[in-house]
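Colleague: Could you walk me through this one before I head back to the bench? I'd like to hear how the chains are built and how they meet.

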Protein chains: 4
Amino acid sequence: MIPRYSRPEMASIWEPQTRFKIWFEIEAHAADALAELGTIPKDAAKTIWAKAKNATFDVARIDEIERETKHDVIAFLTHLAEIVGPEARFVHQGMTSSDVLDTCLNVQLTRAADLLLADLDRVLAALKTRAFEHKMTPTIGRSHGIHAEPVTFGLKLAYAYAEFGRARERLVAARKEIATCAISGAVGTFAQIDPRVEEHVAKAMGLSPEPISTQVIPRDRHAMFFATLGVIASSVERLATEVRHLQRTEVLEAEEFFSEGQKGSSAMPHKRNPVLSENLTGLARMVRAYVTPAMENVVLWHERDISHSSVERMIGPDATVTLDFALVRLAGLIEKLLVYPANMAKNLDRLGGLVHSQRVLIALTQKGASREDSYKLVQRNAMPVWRGEGDFRTLLKADTEVKKYLTDAEIDEQFDLGYHLKHVDTIFKRVFG
Amino acid sequence: MIPRYSRPEMASIWEPQTRFKIWFEIEAHAADALAELGTIPKDAAKTIWAKAKNATFDVARIDEIERETKHDVIAFLTHLAEIVGPEARFVHQGMTSSDVLDTCLNVQLTRAADLLLADLDRVLAALKTRAFEHKMTPTIGRSHGIHAEPVTFGLKLAYAYAEFGRARERLVAARKEIATCAISGAVGTFAQIDPRVEEHVAKAMGLSPEPISTQVIPRDRHAMFFATLGVIASSVERLATEVRHLQRTEVLEAEEFFSEGQKGSSAMPHKRNPVLSENLTGLARMVRAYVTPAMENVVLWHERDISHSSVERMIGPDATVTLDFALVRLAGLIEKLLVYPANMAKNLDRLGGLVHSQRVLIALTQKGASREDSYKLVQRNAMPVWRGEGDFRTLLKADTEVKKYLTDAEIDEQFDLGYHLKHVDTIFKRVFG
Amino acid sequence: MIPRYSRPEMASIWEPQTRFKIWFEIEAHAADALAELGTIPKDAAKTIWAKAKNATFDVARIDEIERETKHDVIAFLTHLAEIVGPEARFVHQGMTSSDVLDTCLNVQLTRAADLLLADLDRVLAALKTRAFEHKMTPTIGRSHGIHAEPVTFGLKLAYAYAEFGRARERLVAARKEIATCAISGAVGTFAQIDPRVEEHVAKAMGLSPEPISTQVIPRDRHAMFFATLGVIASSVERLATEVRHLQRTEVLEAEEFFSEGQKGSSAMPHKRNPVLSENLTGLARMVRAYVTPAMENVVLWHERDISHSSVERMIGPDATVTLDFALVRLAGLIEKLLVYPANMAKNLDRLGGLVHSQRVLIALTQKGASREDSYKLVQRNAMPVWRGEGDFRTLLKADTEVKKYLTDAEIDEQFDLGYHLKHVDTIFKRVFG
Amino acid sequence: MIPRYSRPEMASIWEPQTRFKIWFEIEAHAADALAELGTIPKDAAKTIWAKAKNATFDVARIDEIERETKHDVIAFLTHLAEIVGPEARFVHQGMTSSDVLDTCLNVQLTRAADLLLADLDRVLAALKTRAFEHKMTPTIGRSHGIHAEPVTFGLKLAYAYAEFGRARERLVAARKEIATCAISGAVGTFAQIDPRVEEHVAKAMGLSPEPISTQVIPRDRHAMFFATLGVIASSVERLATEVRHLQRTEVLEAEEFFSEGQKGSSAMPHKRNPVLSENLTGLARMVRAYVTPAMENVVLWHERDISHSSVERMIGPDATVTLDFALVRLAGLIEKLLVYPANMAKNLDRLGGLVHSQRVLIALTQKGASREDSYKLVQRNAMPVWRGEGDFRTLLKADTEVKKYLTDAEIDEQFDLGYHLKHVDTIFKRVFG
């Protein structure tokens with residue numbers, strides 16, 4: 001996570017002040033529950049809220065205490081006592097640091113998930129708008145980078161829409177994975193804290209109680225969360241790669257929006273490079289990179305160790321901030337993408353009708369040629385075209401073997417573009433409902 | 001995937017004969033639909049089924065044809081024509097290889113998922129049985145590898161049960177991700193094949209139609225599937241690591257079952273090593289390793305390329321066979337795990353009552369000592385015990401500062417083991433219902 | 001590792017018979033040293049060699065014994081005793097299984113490295129030949145997929161040559177990392193075996209003695225080995241990606257060789273797809289995937305555990321066989337690559353001289369225009385060309401601001417292709433010596 | 001990279017001011033060479049140095065320009081022109097941004113490597129000192145976490161010393177990989193800049209000229225660099241894991257230094273947790289995580305794209321800062337590690353002499369028992385001891401079968417601890433010379 005690739009909305013979730021505020025809320029809600037249970041005085045709970053609810057925590061002061069105690073939660077509690085006064089002794093009763101830390105992390109991750117869901121919605125909206133705009137804009141479909149058969153540019157965006165729709169569903173599930181709260185005390189036995197405190201805090205913080213914790217919330221949940229981000233990032237890379245391909249000089253079917261002041265190259269002023277898409281490719285690599293350490297984090301020793309902590313201090317912000325930035329950048333890229341239907345048409349014509357070869361193949365078999373023979377007939381007329389030696393339709397009409405099966409009119413029928421687009425409606429209905 | 005770590009049930013899903021059988025079924029069901037639509041003669045569809053339904057495909061023959069054509073599906077279709085005869089020309093009409101290959105892969109993956117779900121059920125059953133068996137067997141809870149406070153051995157297994165329960169839910173979701181079928185023809189436009197064929201084949205093969213495909217089924221689905229296996233493998237490693245720790249010579253609270261003929265070490269005959277758990281640790285690393293290539297596979301060029309294929313030919317079998325083997329091994333390990341409650345009791349007593357320090361801490365604060373002071377009082381009596389110089393309870397009773405807050409009887413109260421286990425029932429109800 | 005992507009030369013290194021043969025050699029050389037030291041009778045060592053040197057080990061029999069003993073080395077030794085007779089009791093004296101297993105693995109890896117080095121030599125030779133063949137074939141250099149300035153096709157291959165030259169150096173270093181032998185007995189103390197045995201076996205097997213082992217050879221060596229393979233695989237992917245790009249329909253500057261019987265697509269007979277390069281892309285992902293488990297393997301517990309073993313049983317063959325296959329495929333691809341200089345020339349001309357924009361920019365600054373002004377002058381004449389509205393040279397000559405700095409003749413000078421290729425010789429000398 | 005896990009020495013390498021200073025030096029050295037070649041006036045080069053050599057660059061101003069131009073190097077050059085004045089037009093002549101950016105990155109990485117080498121030296125020094133201190137301190141060697149045979153604590157540290165010695169050699173090689181400079185202009189042809197400029201800048205910046213670049217320095221170099229850091233991090237994790245194991249309550253053979261004010265647990269005041277080692281485990285996971293994106297970065301399109309850039313902006317600092325922090329933390333940990341020889345002795349005795357079982361096994365075979373029989377005799381006397389039912393030596397002496405081969409005195413001989421340590425000297429000489 002670096003400022004260059006951060007949005008303040010997401011970055012602020014990971015700031016110390018936010019973290020301390022969440023820690024306070026967890027402690028204060030727990031105090032409410034403890035007061036309700038009669039474990040601590042009701043006035044104490046009220047005082048805790050009253051004194052610190054609107055406090056700005058002194059991050060430097062907490063850091064200073066931590067340098068001495070080498071323990072972040074104790075440092076916070078010490079500072080909180082400076083704010084709250086004597087009633088501070090009723091804070092954190094029967095709790096462990098992990099109760100605070102793990103519940104806080106999950107609050108941060110659910111907030112991050114909410115932002116990412118909003119980002120996905122923006123990506124989806126952009127894809128839908130542009131997909132309908134270009135629903136019937138013909139363009140060549142390519143397999144292996146080689147011209148195959150016609151599709152529409154709207155279909156390309158509809159593919160992406162469906163993919164990001166799945167991304168959204170996965171993220172909803174991943175959010176649920178980490179929306180849990182544990183206030184279960186040392187080694188998770190509730191020996192020193194009533195399970196009802198956990199229930200209260202969970203509800204107050206918008207989480208579910210963790211059914212069984214071992215002082216820590218189990219890290220398979222987080223592994224699943226970060227793995228899901230990695231998969232979503234891969235979808236970002238796929239769409240970004242599509243744009244990079246479309247913007248290639250020889251293809252030029254679409255281009256990233258290029259603002260007036262922008263310079264493509266310090267040496268070559270004419271260049272307009274797909275730098276946003278390339279950037280997204282790199283960012284996707286990073287979000288994916290965080291999946292493995294998140295999975296390694298699952299393997300804590302016995303009831304818990306702290307090896308996961310340094311990993312999460314890094315990948316918590318790094319993965320969410322980077323993916324958030326990437327999704328917003330992707331949404332903007334799609335919203336403003338320059339689309340060149342004329343170039344698409346030009347490219348479609350490029351192979352002299354070869355893209356209709358499969359139709360010819362099928363027509364031949366339907367007229368009684370064996371599949372093997374049909375394949376050979378098509379291939380021998382296709383190869384010269386491929387080498388730039390002639391036009392496919394003309395060659396077919398001149399091939400005496402082909403003429404045994406197909407008349408000139410029947411050959412002409414196979415070269416109708418509309419034929420390929422007849423199910424675009426069906427597909428759009430499947431995707432957009 | 002190597003025979004040493006394979007079970008035949010899973011390995012057979014990936015054998016050529018199985019693959020060809022699935023290919024045939026896809027083609028034959030498609031022929032049924034084409035016949036129903038009037039595209040091909042109804043008799044042709046019947047003949048295809050009649051001639052090849054119970055055929056054993058000649059793998060060597062198909063390989064031979066593929067060496068010439070360098071195309072696996074064409075090789076298969078050529079061989080199929082040898083079995084079916086002239087009606088073979090009605091097979092595969094309007095379809096592409098990807099229709100067959102991708103739908104087949106998803107059939108294989110769903111079957112693999114079904115086996116893995118059964119494996120998880122066996123792991124869950126074993127964990128549940130052993131958890132109830134040891135529901136109230138006290139043992140020390142450890143954080144950072146250091147004695148913390150008492151738990152029960154049943155709780156340790158209940159943690160794992162909850163974790164594998166989540167694994168099961170994730171796998172159900174992952175199975176759904178890849179249970180789709182695409183019969184959409186070149187670049188996925190249905191130009192040469194009616195969408196109703198896809199619907200028919202999907203239903204017949206137990207899959208859903210892929211809403212929009214680009215000749216290939218989008219690989220974000222598979223990335224999610226393999227990522228899920230990676231997370232499950234991490235949970236396997238966690239439980240295996242627990243066993244490795246418990247079997248350490250100095251701990252010896254549990255041991256892998258050791259059969260009569262087994263030899264622990266060629267050099268040191270007395271040794272009983274946790275080799276199954278260590279093996280599971282390694283296997284988990286492998287299943288995790290397949291996540292990244294699966295995510296890289298998402299980024300196909302334009303409508304499709306074939307870069308994913310070699311990856312899937314390897315990780316399809318490798319990931320599912322390895323995880324299947326690991327889960328079955330884990331289930332057996334838990335079913336037969338030797339548990340030593342006497343050693344657990346011995347270890348619990350090891351620190352001279354230090355594990356009750358938190359209770360003393362809380363008792364002090366409840367009697368009016370500040371949190372800071374309480375911490376210091378406990379720590380100064382704990383440190384000598386840690387160094388082997390005395391018994392915690394005796395030292396506390398001799399500390400005049402402590403005595404200001406707690407009587408001897410009150411100190412004694414803090415050393416009750418039952419205190420820690422009072423919520424075991426609650427937790428078991430949460431986990432097992 | 002699957003047969004489809006295996007060459008017998010590399011696969012045979014990992015066959016059981018090879019492994020048992022290496023095990024035998026280690027044991028027999030150790031017996032020689034033990035005999036020389038007087039630990040066992042000299043005749044015993046001779047008998048061991050005489051009876052088993054040319055033996056074919058009965059893999060099924062060894063498997064059978066292992067099923068009972070659950071220990072592979074003991075199973076082998078039991079079978080060896082069946083071959084050697086009573087003198088077999090002098091085999092393996094003071095040794096542990098790890099002495100045999102780890103030394104054997106390193107023998108296998110060094111042999112694998114030797115094959116890979118030969119593969120790299122073939123790749124390098126192919127690149128060198130084709131680089132000189134096309135040393136002066138002009139082609140457009142592209143940054144961001146956008147036309148930049150002219151290079152030669154020979155330069156492209158020279159880049160790759162330099163990269164694979166570095167790959168070779170790295171592999172030589174990686175081979176050295178794992179070319180060690182440990183015969184140090186239990187926990188590596190040589191308590192039961194003289195260090196001179198290790199020295200003798202190391203020399204006989206072409207290895208160095210491991211300076212300090214802990215029963216096992218430290219796995220940081222293997223991590224470095226597999227990491228190196230991962231980096232080499234990434235270079236394979238880079239070159240394969242270059243070919244995939246060059247073969248795109250719109251670019252078509254080069255093509256994979258396409259044999260007569262080969263079929264590009266079952267549905268579209270005209271297609272010639274870069275399937276080998278795409279396959280290499282996928283294989284590279286797999287070789288990279290083995291890096292992380294190899295690094296995780298470093299972290300053995302105390303003197304050793306067996307968690308690395310299952311990983312190595314898989315990635316040992318998987319990584320070396322896959323990379324070997326990929327390198328040989330890559331060498332063949334380069335050797336037979338179809339190169340189309342005419343298409344390169346056509347693409348070079350595509351942007352109406354825009355590729356010379358930087359030259360114009362520099363000429364302007366040299367004539368006294370500020371860098372900022374020069375940039376703007378070039379950009380305003382470049383943009384219309386980019387949109388297909390005119391020719392760059394003509395536009396420049398018509399720009400009155402430009403004419404303040406450059407005459408028509410000076411403008412013409414900037415459009416000389418030879419200008420860009422004047423240092424090709426220098427670069428070739430740097431790369432090829 | 002977060003402040004918590006950063007040292008200022010390393011972090012400062014990655015600060016904007018440092019980067020701009022390096023950019024300036026590259027530009028100014030290039031100007032010197034251009035002046036020497038007569039391309040630009042000699043006075044211009046002098047002025048550039050004179051005006052900007054000691055300048056502090058205005059990071060905010062550069063950021064502001066970049067927001068408009070969306071190009072970092074142009075922003076810098078614009079700001080530089082504000083400092084240098086009219087002669088600024090002679091800066092960057094014939095160069096591209098990549099010349100500056102890539103050479104700068106390599107300067108930063110070599111400086112980072114130098115710090116890491118110093119860190120490794122400190123780790124090595126600490127390991128050597130402590131190894132000699134405990135050269136003959138007996139402790140149990142463990143395989144699979146199970147007691148095996150005696151070693152010394154010095155040997156454990158010597159293993160680590162040898163491993164970090166290899167780490168150092170690898171880092172020296174990795175540093176060499178990235179210590180290159182490219183000033184080759186657009187697409188690397190030197191069309192607009194003389195190769196002698198590159199030679200001059202390389203020498204001035206302490207780098208070698210890149211033999212062939214494609215505007216960018218090839219990223220296989222960086223992949224190898226980051227892969228090497230990943231392997232070193234794995235060695236950090238191995239040693240950290242050893243400490244975590246040694247500090248376990250039941251083992252307690254060593255402990256991390258525990259400062260006075262430090263608090264182990266907010267809930268359990270007695271606890272002394274190996275938090276530094278656990279932290280190192282997590283940090284190692286992170287450094288490893290950066291290897292895969294670095295390898296993915298190798299695959300640039302054609303002569304270059306910018307996808308690597310975002311990755312490097314993150315992993316450049318993240319990997320080097322994190323590993324630097326980890327190595328320094330590890331060095332301090334080893335320097336101050338608390339070692340408990342008495343506990344080691346206690347643990348050694350724990351198994352009632354079982355650790356000598358291999359010696360007994362060998363003695364039996366040397367007296368003529370078959371290997372199989374010896375194994376069984378040892379195992380049947382070992383198993384009761386393992387179960388806590390007796391002492392190994394006593395049981396052996398009471399076994400009539402054993403007595404056929406060994407007298408009581410001969411049995412006693414096998415229980416000598418010194419026997420295991422007789423080659424410690426040899427091993428130390430191999431490791432420390």
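Modeller: Sure, ask away, and keep in mind that this is a predicted model.

Colleague: Let's begin with one chain; what radius of gyration does chain A have?

Modeller: Chain A holds 19 helices and 6 strands. Its C-alpha atoms fill a box of roughly 100 × 50 × 35 Å along the principal axes. A compact globule of 433 residues would come in near 22 Å, but the radius of gyration of chain A is 30 Å.

Colleague: UniProt has a domain entry for residues 352–432 of chain A. How far apart are the end C-alpha atoms of that stretch?

Modeller: The unreviewed UniProt entry labels those residues of chain A "domain: Adenylosuccinate lyase C-terminal". Over residues 352–432, chain A is 67% helix and 0% strand. From end to end, the C-alpha atoms of the stretch are 34 Å apart.

Colleague: Moving to chain B, at what angle do helix 14 and helix 15 pack?

Modeller: Helix 14 of chain B covers residues 357–366 and helix 15 of chain B covers 371–386. Helix 14 passes helix 15 in a right-handed crossing. Their axes are 9 Å apart, and the packing angle is about 145°.

Colleague: And what sort of residues make that contact in chain B, by class?

Modeller: From helix 14 of chain B come B:S357, B:V360, B:L361, B:L364 and B:T365. They meet residues of helix 15 of chain B, among them B:R371, B:Y375 and B:V378. By class, the contact of these two helices has 1 charged, 3 polar and 7 nonpolar residues.

Colleague: Now the assembly. What kind of axis relates chain A to chain D?

Modeller: In general, a rotation about an axis and a shift along it relate two copies of a chain. Here, chain A lands on chain D with an RMSD of 0.1 Å after a rotation of 180° and 0.0 Å of shift along the axis. That is the relation of a two-fold axis.

Colleague: Which residue of chain A has its C-alpha nearest that axis?

Modeller: We're still on the rotation of 180° that superposes chain A on chain D. In chain A, the C-alpha nearest the axis lies 2.8 Å from it, and the residue is A:A289.

Colleague: Which helix of chain A gives the most to the side that touches chain D?

Modeller: The contact takes 40 residues from chain A and 40 residues from chain D. Helices 4, 5, 10, 11 and 12 of chain A each supply at least two residues of that side. By class, the side of chain A has 16 nonpolar, 15 polar and 9 charged residues. With 9 residues, the one that gives the most is helix 10.

Colleague: Why do chains A and D meet through the same surface?

Modeller: Look at which interface residues recur in the other copy. The copies meet through the same surface because the interface residues of chain A are also interface residues in chain D, and the share is 100%.

Colleague: What about chains D and C: which helix of chain D gives the most to that contact?

Modeller: This contact takes 69 residues from chain D and 69 residues from chain C. Strand 1, strand 2 and helix 7 of chain D are among the elements that each supply at least two residues. The side of chain D divides into 29 nonpolar, 23 polar and 17 charged residues. The top contributor, with 13 residues, is helix 9.

Colleague: Last one: which residue of chain D comes closest to the rotation axis there?

Modeller: A turn of 180° with a shift of 0.0 Å along the axis lays chain D on chain C, with an RMSD of 0.1 Å. The same surface serves both copies, as 100% of the contact residues of chain D recur in chain C. Closest to the axis, at 3.1 Å by C-alpha, is D:A227.

Terms used: Residues are numbered from 1 along each chain as its sequence is written. Chains are lettered from A and ligands numbered from 1 in the order in which they are written. This is a predicted model: local features need pLDDT of at least 70, side-chain atom pairs count only at pLDDT 80 or more; totals for chains, interfaces and linings use all residues. Axes are lines fitted to C-alpha atoms, for helices over the stretch in contact, and angles run from 0 to 180 degrees between N-to-C directions. Helices (H or I, at least four residues) and strands (E, at least two) are DSSP runs, numbered from the N terminus. A crossing is left-handed if the near helix is turned anticlockwise from the far one by less than a right angle, and right-handed if clockwise. Two residues are in contact if their C-beta atoms, placed from the backbone, lie within 7 Å. Ala, Val, Leu, Ile, Met, Phe, Trp, Tyr, Cys and Pro count as nonpolar, Asp, Glu, Lys and Arg as charged, and the others, Gly among them, as polar. Copies are superposed by least squares on the C-alpha atoms of residues with pLDDT of at least 70 in both. UniProt positions are given in the numbering used here, feature names are shortened, and annotations may be inferred rather than shown by experiment. The radius of gyration is taken over C-alpha atoms; the globule rule is 2.2 Å times the number of residues to the power 0.38.
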